[in-house]
Number of protein chains: 2
Amino acid sequence: MMMEKNSLDFVFKPESVAVVGASEENWTGEYVQRLVMYGYQGKVYPINLKQPQVFGYKAYPSIKDIPGTVDYVVQGIGIERTPDILKDCAAKGVKVLHLFAGRSSETGRKELIDLDHEILRLAKSYGIRLIGPNSLGINNFKTRFCTTAHDLPADFGTVSAAVQSGGNSTDLVRWGVLQGLKFGKIASYGNALDLDESDFINYYAQDPETKIIMLYIEGVKDARKFFSALKNASSLKPVIVIKGGKSNAGVKATASHTASVAGSWNIWNTAIRQAGAIPAHYFEEFIDLAVAFYYLPPLKGKRVGIIGGGGGRIALSADECEESGFDLISLPEDMRMELKQKAPAIWDWIGNPTDMTILGGSGVRNRDVLLMMAKHPDFDFLIVNITECWPFKESTSTFRNNDEIDGYIEVHKMGLKPMIAIFGDRSWGTEQLDNWRFKLFAATKSRIRDANIPFFPTMLRGTKAVSELTNYYNRTGKTRK
Amino acid sequence: MMMEKNSLDFVFKPESVAVVGASEENWTGEYVQRLVMYGYQGKVYPINLKQPQVFGYKAYPSIKDIPGTVDYVVQGIGIERTPDILKDCAAKGVKVLHLFAGRSSETGRKELIDLDHEILRLAKSYGIRLIGPNSLGINNFKTRFCTTAHDLPADFGTVSAAVQSGGNSTDLVRWGVLQGLKFGKIASYGNALDLDESDFINYYAQDPETKIIMLYIEGVKDARKFFSALKNASSLKPVIVIKGGKSNAGVKATASHTASVAGSWNIWNTAIRQAGAIPAHYFEEFIDLAVAFYYLPPLKGKRVGIIGGGGGRIALSADECEESGFDLISLPEDMRMELKQKAPAIWDWIGNPTDMTILGGSGVRNRDVLLMMAKHPDFDFLIVNITECWPFKESTSTFRNNDEIDGYIEVHKMGLKPMIAIFGDRSWGTEQLDNWRFKLFAATKSRIRDANIPFFPTMLRGTKAVSELTNYYNRTGKTRK
């Protein structure tokens, strides 16, 4: 079967969905529940032999009994039932069968590998495309179509991902959203018996709603097809790739997970770079890179200005920033002269990074110094290193924190220069949920995100991601945005 | 003045404290407030010319007017007033003056450097020791003595720290506690005009309440004294050192922060290792290493067993674990035979790492596999890689999560083998505070901490810290605990 241009629209934009095996008691029923909960506007048909209704939808004993047409079917029962279901799908003109069912070839069992071959042969003969087996499913954040198990945030954007692992696609959405990522489409494609990473890459490459492509790959069956797709997509938009199974142990893990044959990480890394894509080594880096590419313009220079506090934080941060290849230039002479005028008592004590905790009562506030940096041609890029250590009681800490963030947002809104924020990232126990300081941290983070300031939890992570971005734009000469 | 054995007891265990400049309206008053709030049992004397009472304590116009003796004085007004205050302290037999006051030599101003010299000369002539200038102060978690601005958690332990930066000492306590660290004593010693890093290292080295020493150093004035103290302390207990000001930019930042002359990181790194201490490169690593040394026995082997889920998470985790130098051995043959008996349908699909999401209904649960690993001599060390991606609704996710954690805690309690937990670490915005999934994450984290399972937010961070620990015990042959 040849891929046609836009041919995966039926995967991401089906008008009707049937869920085989859905009941209100089992996990498969949650597929139906989420379609309702997230506001999918198409038709939903639970397939259930015994129950007349599932989560408010009329249930049918089989796919053949559904009155209208069906575009997309979720197979949520044992994998051995798939050939029968495929026959029903063929009778109904179904376009795509999503095999949530797993325990397939990844178990290493010969009879299950044979079953896979039979399923693929049947699907091809009927002209039905397959997602999976062992696939969590599809998200379209804009149309609210959701056959995965993620929470589906209301915000949507232009970051689309193909993620071989269902758990990692869940983590990507959950943690990516916390860091401000806005997603368009996600395919958690599992064992890739039919539709595979290359199909999704090709689709995203020409999808006008996708600006950045993220890929989590455990293994590919056709390396030539994959690298050709990757190269083509990378010529059009940034493609960020993370590989599961880079080590000996990781390779074994991917085999038992999605039946993938992983390869050496060095070979992968080189090939990914040669294709023009951007490799990520760790899951955190995978998210960081997407945040950088989603929010920042095609930045090429590395002269950075930093402001925040306190002193110990900025000392360590300066080290991390330089480790990532940024140049923390000395404050330009004309800026120093301006500071001398405005803050005569401490002007020569102010440096880059600027420790904003020393500015109190000096005549300049954090926003003034940041604005000088934003206006000055010597700085390519700005970092606000949000003070976490305010040592005051609730009312004073809250006031100082809000005032600091106000200043950063004010300057960021002027759009004079690319800017990122650094803010610590530690999850809390139940005892912190009622603690004012941690609630203030939560409010701070929401404010940064709402202001569309790209956010990273450590200076090293933030500057490494931005450094990759500058390298990318220097290498490609691209001027996206 | 010569340091005597235990001579810093008057710093960490004073029986009376005066706070110069404390009022209910200013920040210095918060020193008084915290002493009350955290339950300090000694005498507290606010020094205030105008107010008769501060936070319930009778205030005095000057130190000389206090009726009883005073051990420890916080200087919370302008640094230029210090000579006068020292005279009052001398008249009253004060043992230590804590100069919270900053804007001293770190400003680079000659007149302030001269003032420092005068302050030091006066203090020596009076036999008064100085902490600071620019020092946040002292914590004794056990006696509830607190002249810093940290929250003072009720739990105390045996991790003691000397932290040149007040902000970093605040971060260390706040973030360290979230990761399960239990502190004994902390000195945030600022510019180190008199009492310096070496004094605190020497004290902690022979302090029976301190088992692990943490140091954040920006610069040292007497390198020979420092390395001698470090070497001696390291021969007695693990000493973890992080240096602020490793890069060109970082060096400049430390000069303006605590007036320190920082040196090349490579020289430092080598010297720290030669002294037998353990260098940390990043603040997160600083905390991770302390967690590892605090909770784990003198582990020497690197054969690791991992359990958790889902499949994508364990694939990436296996890569990170191997990168840190651990050996993810194949499941031993006798363990495989036991699994064949107990889980005939999937026994040959179970590997190391074990993806616990495949175990459902198989005949073995996560605790069974973990217990087999804990009992088997082929494993040196175990990692529970807590599943975050349960894709179910609240009731099901909560049940699965609790059952998973129950199993880990059950096996951990048997004490058969060293164990760490990996659990993602992302702070949340306000919208997550009321989200059941994030509340469940918070509860999970509290449970791990309460069970005394050392916890790390990523596999890479956890395994790097434990790898340093195994290297340490292999190198030194020590058998602490």
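Two strands count as paired if DSSP finds at least two bridges between them. Keep that in mind for the exercises below, which all work on a predicted model.

**Exercise 1. Work out how β12(A) and β13(A) pair, and place them in their sheet.**

Step 1: Start with the pair itself. Strand β12 of chain A covers residues 212-217 and runs parallel to β13(A), with five bridges between the two. The cut-off is at least two bridges, so this pair qualifies.

Step 2: Pick out a facing pair of residues. Met214(A) sits opposite Ile240(A), which belongs to β13(A).

Step 3: Zoom out to the sheet. In chain A, seven strands line up as β9-β8-β11-β10-β12-β13-β14, giving an open sheet with mixed pairing. At its edges are β9 (145-146) and β14 (278-280) of chain A, each pairing on one side only.

**Exercise 2. Find how chain A maps onto chain B, and what kind of axis relates them.**

Step 1: Lay chain A on chain B. That takes a turn of 180° and a shift of 0.0 Å along the axis, and the RMSD comes out at 0.0 Å.

Step 2: Name the relation. This is what a two-fold axis gives.

Step 3: Check the surfaces. Of the interface residues of chain A, 100% are also interface residues in chain B, so the copies meet through the same surface.

**Exercise 3. Describe the interface of chain A and chain B, from its area down to one salt bridge.**

Step 1: Get the extent. Here 90 residues of chain A touch 90 residues of chain B. Together the two chains bury about 7,400 Å², with 52% of it on carbon and sulfur atoms.

Step 2: Look at the polar side. The rule picks up 18 residue pairs in polar contact across the interface, both partners at pLDDT 80 or more.

Step 3: Ask who contributes. Elements giving two or more residues to chain A's side include α2 (27-38), α5 (166-178) and α16 (436-450) of chain A. The largest share, 11 residues, comes from α11(A). Sorted by class, that side has 33 nonpolar, 27 polar and 30 charged residues.

Step 4: Count the salt bridges. There are two across this interface. In one, Arg109(A) meets Asp348(B) at 2.5 Å, N to O.

**Exercise 4. Explain what the salt bridge of Arg365(A) and Asp403(A) ties together.**

Step 1: Set the scene. Over all chains, the whole structure has 48 salt bridges.

Step 2: Take this pair. The closest N and O atoms of Arg365(A) and Asp403(A) are 2.5 Å apart.

Step 3: Locate both ends. Arg365(A) is in the loop between β16 (354-355) and α13 (366-375) of chain A, while Asp403(A) is in helix α14 (residues 394-413) of chain A, so the bridge ties together parts 38 residues apart in sequence.

Conventions
Residues numbered from 1 in each chain as written. Chains lettered and ligands numbered in written order. Predicted model: local features only at pLDDT ≥ 70, side-chain atom pairs only at ≥ 80, totals over all residues. Heavy atoms only, no water. Least-squares fit on C-alpha atoms with pLDDT ≥ 70 in both. Contact = heavy atoms within 4.5 Å. Buried area = accessible area lost by both parts, 1.4 Å probe. Salt bridge = Lys/Arg side-chain N within 4 Å of Asp/Glu carboxyl O. Polar contact = N/O pair within 3.5 Å; in protein donor to acceptor, adjacent residues only side chain to side chain. Helix = DSSP H or I, 4+ residues; strand = E, 2+ residues; numbered from the N terminus. Nonpolar A, V, L, I, M, F, W, Y, C, P; charged D, E, K, R; others polar.
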